[in-house]
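Q: Here is a model to go through term by term. Let each label be set against its definition.
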Amino acid sequence: MSKKFDKKTLVIIVVVIALIVLGVGGFAFWNLRKRQDDQNSLGATAKCGAVFQCIDKLDPNSSLEEMNKTVGSEAELATEDEKSKIYKWTLADDTTIEARIETYKNESTGETKSFTTLSINYPENLARHDADFSRWDEIQSKMNQEEGITYDEFIEMVGGIDGTISEKAQDSKKYQWFDNDGGYLSASFDDQTTKCTFATGRI
């Protein structure tokens, strides 16, 4: 009887452990899906939609008032100094859009101009993680050549993966790529020529 009891006990223990593992794993998966769903439904709190939709719709050549209308809420003044101010729209606890507005004065004419750069902060799990960085040396080589490398060529050389936009200036855009080993690339492209002007990362 004792041997049968021990086997039954062992089976019960195994079943209980399996249920616990499945429960924890299922909760983790549900939590991840909920997080992604929450991030993808940011339109509930932002008129412009989710974070990537917002950055697409925002124009750094627009005034702050116009950008507030696009987002659907008034930006908070985060920091300021003599030459710049940084405004922030909070779309979620870990997802924000920032507008850095720098002001320059022409000493000879007295004319004042402003230059706006938009950037987004978001959880990395919102971006794709399947880029291929095996041709990084080729990318660097093309960047050092006179003809350079365009955005479309860059995409082709990282596995055909579109970049995740992370920054918009008045004459350029910055994109990010991630692989499945913790590597990333960040590159800026001129709006007129679409050529890469700077690239860095961890390969």
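A: Start with pairing: two strands pair if DSSP finds at least two bridges between them. This is a predicted model. In it, Ser119 has Glu167 in β5 as its bridge partner.

Q: What makes β4 and β5 a pair?
A: The cut-off is at least two bridges. β4 and β5 have two bridges, in the antiparallel sense. So the two strands count as paired, because at least two bridges are what the definition asks for.

Q: How do you know that β5 also pairs with β6?
A: Strand β5 covers residues 164-168, and four bridges link it to β6 in the antiparallel sense. At least two are needed, so the pair qualifies. Glu167 has Lys174 in β6 as its bridge partner. Glu167 is also the partner of Ser119.

Q: Why are β1 and β8 called edge strands?
A: Eight strands form an open sheet, in the order β1-β2-β3-β4-β5-β6-β7-β8, with antiparallel pairing. β1 (76-80) and β8 (196-202) each pair on one side only. From one strand to the next, the twist averages 20 degrees.

Q: What makes β1 and β2 a pair, and what joins them?
A: Four bridges join these antiparallel strands. The threshold is at least two, so they pair. Glu76 stands opposite Lys88 in β2, and Thr79 has Ile86 in β2 as its bridge partner. A hairpin through three residues makes the connection.

Q: How do you know that β2 and β3 pair, and how many residues lie between them in the hairpin?
A: Eight bridges hold the antiparallel pair β2 and β3. That satisfies the requirement of at least two, so the pairing stands. One of the partnerships is Ala92 with Thr95 in β3. The hairpin has two residues between the strands.

Q: What makes β3 and β4 a pair, and which residue in the turn has a positive phi?
A: 10 bridges join β3 to β4, which run antiparallel. At least two would do, so the pair is established. Lys105 has Thr112 in β4 as its bridge partner. Six residues lie between the strands of this hairpin, and Gly110 in the turn has a positive phi of about 80 degrees.

Q: How do you know that a helix packs on the sheet?
A: Look at the contacts, which mean heavy atoms within 4.5 Å. Helix α3 (residues 64-71) touches β2 (84-92), β3 (95-105) and β4 (112-121). The direction of helix α3 makes about 5 degrees with that of β2.

Q: Why is the enclosed space called a cavity?
A: A cavity is a set of points where a 1.4 Å probe fits but cannot get out. The structure holds one cavity of 30 Å³ or more. About 40 Å³ of space lies in the largest cavity, so the 30 Å³ cut-off is met.

Q: What makes a residue part of the lining, and which residues qualify?
A: A lining residue has an atom within 4 Å of a cavity point. Arg128, Ala131, Ile161, Asp162, Gly163, Thr164, Gln176, Trp177 and Phe178 line the largest cavity. Strand β6 (residues 172-178) gives the largest share of this lining, three residues. By class, the lining divides into four nonpolar, three polar and two charged residues.

Q: Which residues is Gln176 in contact with beyond four places in sequence?
A: Gln176 is found in strand β6. Leaving aside neighbours within four places in sequence, Gln176 is in contact with Tyr122, Gly163, Thr164, Ser166, Leu185 and Ser186. The C-alpha atoms of Gln176 and Ile165 are separated by 6.3 Å, although these residues are 11 residues apart along the chain.

Q: How do you know where to be cautious?
A: Confidence is scored as pLDDT, from 0 to 100. The chain averages 85, and 78% of the residues score at least 70. Over residues 27-36, pLDDT stays under 50, and the model has five contacts there beyond four places in sequence. Over residues 38-44, pLDDT also stays under 50, with 16 such contacts. Where pLDDT is low, the predicted coordinates should not be read in detail.

Technical notes:
Residues are numbered from 1 along each chain as its sequence is written. This is a predicted model: local features need pLDDT of at least 70, side-chain atom pairs count only at pLDDT 80 or more; totals for chains, interfaces and linings use all residues. Side-chain values use heavy atoms; hydrogens and water are left out. On a 1 Å grid over the protein atoms alone, a cavity is a set of points where a 1.4 Å probe fits but cannot get out, and a pocket is an open set with protein on both sides within 12 Å along at least five of seven lines; lining residues have an atom within 4 Å of a point. Grid points are joined across faces, edges and corners, and a volume is the space filled by probe spheres set on the points. Ala, Val, Leu, Ile, Met, Phe, Trp, Tyr, Cys and Pro count as nonpolar, Asp, Glu, Lys and Arg as charged, and the others, Gly among them, as polar. Axes are lines fitted to C-alpha atoms, for helices over the stretch in contact, and angles run from 0 to 180 degrees between N-to-C directions. pLDDT is the predictor's confidence in each residue, from 0 to 100.
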